[in-house]
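Visitor: I'm new to reading protein structures. Could you walk me through one, feature by feature?

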Amino acid sequence: MGLEEKIPDSIILTSLDKMVNWARKRSMWPLGFGLACCAIEMISTFAAHFDLARYGMEVMRASPRQADLMIVAGRVSMKMVPVIKTLYEQMPNPKWVISMGACASCGGVFNNYAILQGVDRIIPVDIYVPGCPPRPEQLMDGILKLQEIVEKDSLKKVHEEWGRKAV
Amino acid sequence: MSAEKKTVTLNMGPQHPSTHGVLRVKLELDGERVVTAEPIIGYLHTGIEKTMESMLYYKAIPATDRMDYLAPMSNNLGYCLAVEKLMDIEVPEKVKWARVCLVELTRVASHLVWLGTHSIDLGAMSMLMYAFRERELIIDLYEACGGQRMMTSYIRIGGLASDLPADFEKKVRNIIKTIREKMKDYDKLLTENPIFIMRTKGVAVISAEDAINYCLSGPMLRGCGVNYDVRKANPYSGYENFDFDVPLGKNGDAYDRYLIRMEEMRQSLKIAEQAIDGMPEGPYRAHVPGVVLPPKEDVLYKMESMIFHFKIITDGFEAPVGSVYQAIESPKGELGFYITGDGTNIPRRVRVRPPSFVNLGALPILTEGHLLADVVCAIGSIDIVLGEVDR
Ligand code: SF4
């Protein structure tokens with residue numbers, strides 16, 4: 001899905017890149033699901049005090065088919081691995097992933113049999129937000145950094161990368 | 001669908017916005033009616049008990065934070081009280097009062113999250129915003145105490161991690177005043193809201209007999225009129241000195257549980273106020289050389305304190321052989337810690353009695369015969385935290 005597939009190979013994009021990226025960066029829809037403690041901080045970020053709506057990202061989608069940002073908020077247990085993979089695969093391209101918290105990034109304090117030591121072992125991650133749990137400001141910072149990445153992407157490059165990104 | 005099979009199997013979760021985490025429910029539906037609802041858990045299994053069994057006693061405290069992450073202080077308290085019982089440590093009066101004050105505010109914070117998420121499940125979107133706004137005040141207090149917003153690990157074996165911050169009293173009084181004020185708004189928004197009443201009254205009913213048979217605790221049990229509160233039945237941490245009521249329901253439905261939690265928040269504020277009024281002076285840690293860490297100020301200036309500090313940090317302390325069980329009334333119900341010491345510096349067994357897990361067992365009877373939409377209400381009114389269910 002997306003504009004990329006409609007563009008012929010021999011065309012170089014400049015203004016279209018800018019325009020599309022500007023729109024994409026300001027209207028990213030996160031997938032509304034939380035795993036553990038970090039999810040509570042994620043909700044705090046969306047709620048009144050911190051108000052993520054200021055950055056145009058507050059529309060949580062319940063269905064992965066309508067989302068383009070996945071915030072992996074919390075520890076990923078072995079039983080959850082296939083579920084997260086399926087959710088990621090169900091999201092339409094282009095899609096981004098934020099790994100929120102120490103657990104999702106590297107297993108955190110739980111170096112044991114039950115917890116996947118980093119969600120990047122199963123899906124590609126664009127931004128890692130450290131902390132246990134990260135403060136809402138940290139998550140916001142992560143999101144702003146992701147917006148910078150999105151802004152600089154070229155549509156053609158993104159399209160070429162899809163092949164690589166699929167796991 | 002074959003001609004004989006009249007029911008439809010529907011899978012709800014583990015990624016579903018109203019399962020409060022990663023609960024999965026397998027539903028058998030006859031049209032819109034639920035025939036059976038089977039909760040399937042384990043999607044957040046973290047191996048916390050096993051992890052705690054491989055750690056020195058005091059190093060396991062951060063793991064307890066991450067169990068019921070809506071009420072980290074309650075978990076800290078339960079675990080620390082159990083270890084204190086095992087080691088036979090008596091904590092100073094001030095510590096007891098400060099702990100009571102903090103865990104009661106934790107109850108308010110936990111119930112606020114419940115209020116927000118439960119009402120968003122039922123369609124009252126704005127409640128979440130209000131509830132989280134007030135919760136932020138309590139989180140600020142945590143941060144002032146323990147330096148972290150959620151995982152404070154502030155309550156330690158034999159005392160507190162550090163002395164109470166200088167503006168503790170001012171902050172607590174502000175919290176009490178603000179939340180009391182705002183609770184009037186919540187009442188206006190929900191308690192007499194006809195839509196809310198229609199969605200919750202007579203929904204997810206459980207009888208007192210069933211509740212006892214299913215071993216429920218907390219608001220789930222008190223919702224059907226059974227008067228059991230660990231704070232009254234087996235007072236710990238000086239609860240016998242506080243004057244408060246235990247609210248009871250009559251019908252055992254979701255609406256009664258809502259009323260009980262609202263009243264519990266008021267009572268908790270009352271207890272916190274008593275605790276702050278009568279807070280005695282004194283040290284913030286018990287003086288038990290070799291077991292309880294000496295105060296940080298001493299570690300910097302006194303030789304023996306530094307040695308003890310070094311020894312406890314590297315080696316821990318050796319617990320006697322024996323088992324203890326200590327229960328507390330966490331926001332979800334009776335939270336118990338069962339610890340077996342074997343004479344070494346790590347516990348042989350740590351077993352947690354998680355209230356959410358036991359309460360979740362009642363989901364099949366709560367939903368049987370009800371409509372599909374009421375399953376969401378039932379899950380919300382149990383007030384589960386998956387971190388505690390799966391551990
Ligand atoms: S990083 Fe910390 S807060 Fe986040 S899920 Fe892991 S244990 Fe919980």
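Visitor: Let me start with one residue. Where does A:Pro133 lie?

Guide: Before we look, keep in mind that this is a predicted model. A:Pro133 sits in a loop of chain A, with strand 3 (127–129) on one side and helix 5 (136–152) on the other. Look at the bond leading into it, too: the peptide bond from A:Cys132 to A:Pro133 is cis, and its omega is near -10 degrees.

Visitor: Okay, on to the ligand. Which residues are closest to it?

Guide: The ligand has 13 residues around it, and the closest are A:Cys37, A:Cys38, A:Ala102, A:Cys103 and A:Cys132. So A:Cys132, the residue at the start of that cis bond, turns up here as well.

Visitor: Which helices of chain A each supply at least two residues of that shell?

Guide: Those are helix 2 (37–46) and helix 4 (101–106). Helix 4 of chain A gives the largest share, 3 residues. Sorted by character, the shell has 8 nonpolar, 3 polar and 2 charged residues.

Visitor: Why is the site called shared?

Guide: Because the residues surrounding the ligand come from both chain A and chain B. The space the ligand takes is also the second largest cavity.

Visitor: Then how do I read the contact between the two chains? How many residues does each one put in?

Guide: Chain A brings 34 residues and chain B brings 31. Three from chain A stand out: A:Ile40, A:Arg75 and A:Lys79 make up 19% of the area chain A buries against chain B, more than any other three residues. Between the chains, about 2800 Å² is buried, and carbon and sulfur atoms give 64% of that.

Visitor: And what about charges? How many salt bridges are there between chain A and chain B?

Guide: Here's the general idea: side chains of opposite charge can pair when their charged atoms come close. Between chain A and chain B the count is 2. A:Arg135 and B:Glu143 meet in a salt bridge, at 2.4 Å from N to O.

Visitor: How many does the structure hold over all chains?

Guide: There are 33 salt bridges over all chains. One of them joins B:Arg231 to B:Glu104, with their closest N and O atoms 3.3 Å apart. B:Arg231 is in helix 10 and B:Glu104 in helix 4 of chain B, so the pair ties together parts 127 residues apart in sequence.

Visitor: One last thing: which loop holds B:Cys215?

Guide: The loop between helix 8 (208–213) and helix 9 (219–222) of chain B. Check its backbone: B:Cys215 has a positive phi of about 65 degrees, although it isn't a glycine.

How values were computed
Residues are numbered from 1 along each chain as its sequence is written. Chains are lettered from A and ligands numbered from 1 in the order in which they are written. This is a predicted model: local features need pLDDT of at least 70, side-chain atom pairs count only at pLDDT 80 or more; totals for chains, interfaces and linings use all residues. Side-chain values use heavy atoms; hydrogens and water are left out. A residue is near a molecule or strand if one of its heavy atoms lies within 4 Å of it. On a 1 Å grid over the protein atoms alone, a cavity is a set of points where a 1.4 Å probe fits but cannot get out, and a pocket is an open set with protein on both sides within 12 Å along at least five of seven lines; lining residues have an atom within 4 Å of a point. A molecule sits in a cavity or pocket if more than half of its atoms lie within 2 Å of its grid points. Helices (H or I, at least four residues) and strands (E, at least two) are DSSP runs, numbered from the N terminus. Ala, Val, Leu, Ile, Met, Phe, Trp, Tyr, Cys and Pro count as nonpolar, Asp, Glu, Lys and Arg as charged, and the others, Gly among them, as polar. Contact means heavy atoms within 4.5 Å. Buried area is the accessible area (1.4 Å probe) that two parts lose on being put together, summed over both. A salt bridge is a side-chain nitrogen of Lys or Arg within 4 Å of a carboxyl oxygen of Asp or Glu.
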